Amino acid sequence: MSGVTGFSHLEYVFAAAEVLKNSPDHRATSDDIKEAIRKVAKERLHQWLIKVGWRLDEQHLPNKIIDDCLQALKKWKLVKQEGMYIKATDEILLMGELLEKKQDIDARRILLNSILRSNKELPFHPSNILINIRNSGPEHKIKMVFSGITEKVEQNGRRKRKSITLEEMSMEIPFITESGVALDDGFFVKEKLQTNFRAFDVMRDWGVFFELLDYRSLEPGTMNNLLSKYASPNYFDELAKKYGCKSVHIERPKQMVYLTVRIASLSELMDVHRDELNKPNLNDFAQRCIKEILSELNLTTHEEISAEKIIESGLRRGISFVSDGPNVYGFIEKESLNLINPYRTYALMHPKVTLEDFKTCVEKIHDKLSNGRPSVPVWVGDLAELVCAELRIPESLFEELLLKLKLAGKVFFHKAPMFIAGVKRRRRLPIVDETGRSYHMVSLR
């Protein structure tokens, strides 16, 4: 299976949508679109650096990223080339209108639909990445990938060290996680998804953008401890000697990826409703997805069920349905119901989390991060990473529910200390309260 378009900055598509929406005849030159993308990139960088307390230096967006964005727009059939101009299609104009009305979620849905309907990003199809993540774990057989720092080599008249990717470990090492969690190791990426690490990283970024999935970093030392248990004590030294490196470290896996939606095929939903599903290979999370979606559909057990009935009932309840072939691609519309394949059409539903369940999870994770001291502030980013992973929810829902707890007086926000720039990137992510103020830390008292 091939990789995906090597472009992960989907927010730049929105910049193109806005400039085309406001251009005469809804067309613009490549330079007009490139300038809009540069402007958005600079604004986002400026906002980011203000949030984290860094001084803004003049930075330029690489031309390759802008060119990749334009190529992606054409590949996904969002624009057409007409001589020296780029002409908007109806999809990108609708995206621009939704963005103008501050309806970002609906605009993202249009973009996701366009990507899937283009049928150009096979690894990103739900049957590939989403279902494979859902069905992963709890028992894994991981293949590690290593990188090394070379001895100093001559480069442009100067002696420098280089980072190089080394071999993939042939030995499969057992590793246990929760159900429905995948690792970005050689086995899952190359053998399960049949793609490469660059494509996987892009798909991960797309998944986060569309709130389909998220990820958390592995605890420091986890893979090193695992390697020392199953491999030679001198494994790093042997690799360094083999490739002439000064030092070697584990490049992959470094993250655990999980879904922030519940997903099940129409075939699975119909089989479970008829009490005919006989798939002992489905893990706990996959079964949970099927049961939660069926519960939301609220179909009676004696009722005769069909794909059409599931879709009609689901659409009324806010469940989305998406297909990846062979006749229909993208979100399902009523006129295409007779063309869908139940095995390749999926229900997508965001999980239902009560405020009380969220509060219990926040208290549990805060207790872990603060060593049992409720009055000690912890980083919002750390709390978000662990709470989202436990509840399998997107960060936008985490922020919404945390603000509700704050308004109810159950948590308290705090400004970060001056040494914030010295901590890891995700910890610096702030939360904005109802007054528009940014905070980086939270406590229970």
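Begin by selecting L111 and, beyond its neighbours within four places in sequence, show the residues it contacts, which are L10, V13, F14, W76, L78, M95, F209 and F210. Keep L111 highlighted while you add W76, F124 and F210, since these four touch the most other members of the largest nonpolar core, a set of 67 residues. Another core, of 47 residues, lies apart from that one, and to find it you can select V181, Y235, F398 and L444, which are among its members. The model you are viewing is a predicted one.

Now zoom out and colour the whole protein by secondary structure, which should bring up 16 helices and 22 strands. Of the 445 residues in the protein, 49% are buried, while the exposed surface comes to about 22,600 Å², with carbon and sulfur atoms supplying 48% of it. If you draw contacts between residues with a separation of 6 or more, 72% of them join residues that are 24 or more positions apart.

Next, select strand β5, residues 145–150. Five of its six residues are buried, so this strand is largely enclosed by the rest of the structure. Add strand β12, residues 245–252, and you will see that β5 and β12 pair in the antiparallel sense over six bridges. To follow the pairing at one position, pick I149 in β5, which stands opposite S247 in β12. As you look along such an element, bear in mind that in a regular strand the side chains alternate between the two faces of the sheet.

From there, move to strand β11, residues 213–217, and select R216 within it. Is R216 buried or exposed? Its relative accessible area is 17%, and because buried means under 20%, R216 counts as buried. Display its side chain together with that of E219, and you will find a polar contact between the two at 3.3 Å. Then reveal the surroundings of R216 and, leaving aside neighbours within four places in sequence, you will find it in contact with Q255, M256, Y258, E385, L386 and A389.

For the last stop, select M441 in strand β22, which covers residues 441–443. M441 is likewise classed as buried, at 11% relative accessibility. Finally, add L383 and draw a line from its C-alpha to that of M441: the two residues are 58 apart in sequence, and the line spans 9.1 Å.

Note on methods
Residues numbered from 1 in each chain as written. Predicted model: local features only at pLDDT ≥ 70, side-chain atom pairs only at ≥ 80, totals over all residues. Heavy atoms only, no water. Helix = DSSP H or I, 4+ residues; strand = E, 2+ residues; numbered from the N terminus. Buried < 20%, exposed > 50% of the residue type's maximum accessible area, 1.4 Å probe, protein only. Contact = heavy atoms within 4.5 Å. Areas by Shrake-Rupley, 256 points an atom, 1.4 Å probe, with all protein chains shown as cover. Pairing = 2+ DSSP bridges. Polar contact = N/O pair within 3.5 Å; in protein donor to acceptor, adjacent residues only side chain to side chain. Core = buried A, V, L, I, M, F, W, Y, C linked by side-chain atoms within 4.5 Å.
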